[in-house]
Amino acid sequence: MNVSGASVKDQAFSLAEMVIIVAVVGVLAAIGVSTLNDGAITGAREEKLRNDLRVLNSAVNTYQAFGGSLEGVNDPAVVLAKLKTTVSEEQRKTMPGLGGAFIDPDIELVLQSEKESSSDKLRLHWDSSAKRFTLSNEGGIGIKALKINPFSAGSSGSSSEPGTPFPDGTASSNGKKIDGEVTMDSVGKTESRKTSLNYSKDSSWIWDYSDRALAAPPSPSQIPTATPVPDTPPASLPVPVLKRGLSAPIFSVPSGNYPSFAFPLTTYLANPNPAGSSRLVYSIDFGTWTDYDSAAGINIPADSTIQAQAVPINTSKWDPSVTVDESYTSYFSQLLPPVIDFSAPYFTNDKKGPIDTISVTITNPNSPSVSELIYQIVPIPGGRGPATVLQTYSGSFDVSKADYPDGFGVRSYAASLVDGYEDSSFTTRFATDVQGLFGGHLDLDTSTSLARVNNGSTDAHTHDITGKYGVNTINFFNIPESKQIEIAEGIKNPSQRFKLLVVNGNLSPGLSVQMNYTQGGVTHNVDLPVYKYDDAAIENLPVFSLGGVTGTSKLEKLSLHMSQDVILQAGVIPTNTGDVKGNILGKQYEWRNGSLTVQAVAVDDSGRDAFSTDNTLSNGNHGAAASGLLWEAALFWHWDGDSYHERGNTFTPGQLKSILNELDDPEAAEAYLEAIRYAEERRLQTAEADAIASRAAATRARQIADDAEALAATTRIKADQDAAIAAPLKKVADDFKKIRDAAKKDAKEAQDAADDAALLAAQIAADPTSSGADIAAAQAAADDAAAAALTAQAAANAAESDYQIAKAPADDAKDLAKKSEDQAKKAKKDADKANQTVSELELQAEDAANLLAELQQNYNELFGSSRSSDDDDDDGDDGDDDDDDDDDDDD
């Protein structure tokens with residue numbers, strides 16, 4: 001059979017055309033990767049705003065349907081306030097329908113800033129004429145979101161997850177002034193609503209129409225009735241039951257990024273539906289649905305999604321609510337540093353017997369499934385003995401005095417084995433009889449009031465607290481110096497809510513903040529470098545109290561920790577006592593001359609911040625308190641050189657060479673610096689290997705993706721070719737089908753005509769009045785019709801045969817085309833997956849390259865140039881008498 005149609009050559013792409021298409025698609029995909037995340041985030045926010053619009057307008061419609069009035073209301077906050085009202089108990093007795101609030105009392109509006117309002121970001125506006133909220137990209141300052149405030153006046157108090165204050169721009173409906181108009185103080189308040197019908201108070205009628213008089217008829221008339229109206233109304237009338245959808249649960253903690261040490265978070269669900277109408281269920285990461293326990297709340301794991309829904313108790317009256325979900329991510333997950341234990345504090349040769357060997361045990365506080373321990377042995381600064389390379393810890397080991405006659409140290413960190421975790425900071429412990437720190441000492445100041453700039457004071461000062469008491473951890477619940485003000489002495493009320501800020505964390509990177517606190521029955525242990533703790537946004541910090549009152553986390557431990565070699569590691573800022581106590585600002589106007597400061601700042605009983613900060617006064621993200629200070633402690637390396645704000649102070653945080661010339665024993669420090677070179681070289685070598693391996697993996701993935709793209713292009717060409725072949729064959733089969741159908745129709749019509757002719761011939765033959773000629777003619781006509789029917793049936797049979805002949809290759813071509821199309825789709829899916837893998841591996845390779853560059857830069861700063869030969873001592877002093885431990889009283 002000859003099939004007409006376009007040739008394969010005319011329908012296919014040439015190889016050159018396919019190469020050009022693949023290249024263009026690759027460029028477009030690369031452009032799309034960089035904008036994917038921002039677009040996803042913006043899309044999610046806009047979708048939430050659309051959901052908020054539906055919720056608000058549904059509440060507005062229901063409120064008006066049950067007697068509420070929004071006439072003349074122009075302020076959206078007033079609308080929100082009215083939706084939160086209820087009717088009085090007296091009116092509820094006579095009013096049918098809903099008399100409660102139509103929106104959760106804890107909902108508040110978040111307004112755009114002026115800058116946001118000038119953009120094309122979506123926002124909500126209240127249309128007072130249409131009495132509904134509208135969505136637009138313009139129109140001045142609008143509503144950018146709805147937030148649940150668990151500490152508002154309408155809160156049930158069940159929320160115990162603090163630390164998420166609303167950003168500037170939150171419009172409250174609790175009596176605040178918004179856009180020049182005072183809103184209703186309506187949370188928990190009542191109003192009178194007008195309804196067309198009321199339950200009767202005084203008669204047996206259900207409805208009481210007395211509140212609204214009926215209009216008089218235009219003229220006296222007698223209304224005829226077929227059935228007399230009874231004198232006594234029926235005792236009851238049927239009241240229709242309307243089935244309504246339940247409102248979705250409301251989370252006390254909204255979606256967002258939270259610091260890793262805050263997990264597991266605790267969120268509570270509010271049920272906005274009438275009492276007894278529903279129960280709440282939830283699932284974690286789309287797992288099994290669980291009944292919600294209002295007393296325990298929900299413990300949220302890091303990087304998880306919580307779904308919640310209100311389900312009806314009586315399904316004949318209520319439909320389930322929509323499912324709502326909130327997602328919670330941690331923006332860093334740093335491993336905790338190891339704990340190093342010695343069998344003896346140092347080597348001895350006293351009367352009790354010599355200790356020539358010390359057993360070392362390193363404990364991993366993290367899960368072994370996500371981390372391993374790396375360690376090295378170093379001599380004490382200036383001591384004899386080799387510095388080992390970094391190695392994996394596999395169990396306890398012994399260190400001999402013969403190898404380290406002056407003492408030794410163990411440096412260790414927890415290394416991440418999986419994505420999503422960062423290596424811990426180094427921790428170091430020394431087996432030595434040296435008390436305090438190598439190369440100097442730290443001073444401590446505490447206070448309970450804000451100091452004046454350049455003319456301030458502190459309440460207590462201790463000189464050389466590290467050497468005097470032989471400590472390298474300052475526990476602010478148990479400071480060894482009795483005159484110092486501990487945090488529990490500064491915050492006397494155990495119900496006082498507060499947050500903890502770190503000031504100048506970037507200037508003392510060698511110190512870490514340690515805290516233990518209990519939240520929702522879960523104990524959190526935090527050990528973070530101070531510069532990472534102050535990376536946590538203030539609004540995401542936990543709200544503490546010393547007594548663990550409802551809505552707070554109970555703070556049980558607060559310490560600043562350092563290793564004995566923190567000074568040699570350039571891990572703490574050097575400055576002078578007088579400039580710290582007098583609050584002389586640092587080089588860039590840092591608080592207390594740049595000293596590391598921990599501040600407890602006030603939070604009010606509703607969970608809102610009752611303090612303000614000045615970011616210009618801190619070399620770190622938290623800023624220094626400008627108001628609301630409850631207690632503070634300042635720790636710094638006290639030395640005899642220039643104070644931190646003076647030109648002669650050349651300290652650079654983390655740069656060992658910036659302090660070597662200022663130490664009492666720079667040669668010992670130089671030897672110590674050389675000892676830890678091995679560790680830095682090992683880290684650099686590991687980073688180089690990781691960068692090479694990551695780039696190689698990305699390159700291999702690109703080759704695989706290119707092959708997948710080529711296969712996808714080839715299978716697409718074949719699928720198009722097979723489809724091009726199948727199309728004309730199908731057309732031919734369809735044409736034969738039409739001919740077959742027409743022939744069958746003709747055969748049926750011919751057979752019907754033959755039957756009619758035969759019936760007519762029989763009728764004529766049976767009629768006694770019919771002549772022989774008439775009978776013969778009728779019979780001849782019937783014979784002709786029968787012959788025509790046979791001919792038409794033969795033609796139909798032939799058409800059916802032709803159709804079946806044409807249909808077979810068409811069906812085969814169709815099956816082949818479908819198979820080819822399926823193969824093409826699978827190849828395209830495989831190619832897309834391969835390209836996604838390439839994108840992920842290229843990002844990993846970029847991260848590895850960035851880490852290598854950072855480590856290389858740090859290494860070059862430490863070891864790339866020789867130490868300065870200027871060893872002149874700077875004997876400048878601030879006039880503080882270091883030998884007088886009582887000099888804190890002078891201020």
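Trainee: In the hairpin of S2 and S3, which residue takes a positive phi?

Mentor: This is a predicted model. Its S2–S3 hairpin has four residues between the strands. One residue in this hairpin takes a positive phi, near 55°. That residue is Lys131.

Trainee: How many bridges join S2 to S3?

Mentor: S3 covers residues 132-136. The two strands run antiparallel. The number of bridges joining them is five.

Trainee: Which residue in S3 stands opposite Leu124?

Mentor: Strand S2 spans residues 123-127, and Leu124 has its opposite number in S3. That partner is Leu135.

Trainee: Why is S2 described as largely enclosed by the rest of the structure?

Mentor: Buried means under 20% relative accessible area. S2 has five residues, and most of its enclosure follows from the buried count, so the reason is that count: four of the five.

Trainee: How many residues of helix H3 are buried?

Mentor: H3 runs over residues 76-83 and is mostly covered. The buried residues include Pro76, Val79 and Lys82. The count is eight of eight.

Trainee: At the start of H3, which residue's side-chain oxygen reaches the backbone nitrogen of Ala77?

Mentor: Ala77 is itself one of the buried residues of H3. The oxygen comes to within 2.9 Å of that nitrogen. It belongs to Asp75.

Trainee: What share of the whole chain counts as buried?

Mentor: The chain has eleven helices and 42 strands. It holds 891 residues. The buried share is 43%.

How values were computed:
Residues are numbered from 1 along each chain as its sequence is written. This is a predicted model: local features need pLDDT of at least 70, side-chain atom pairs count only at pLDDT 80 or more; totals for chains, interfaces and linings use all residues. Side-chain values use heavy atoms; hydrogens and water are left out. Buried means under 20% relative accessible area, exposed over 50%, partly exposed in between (1.4 Å probe, protein chains only). Two strands pair if DSSP finds at least two bridges between them. A polar contact is a pair of N or O atoms within 3.5 Å; within protein, one must be able to donate a hydrogen and the other to accept it, and residues adjacent in sequence count only if both atoms are side-chain atoms.
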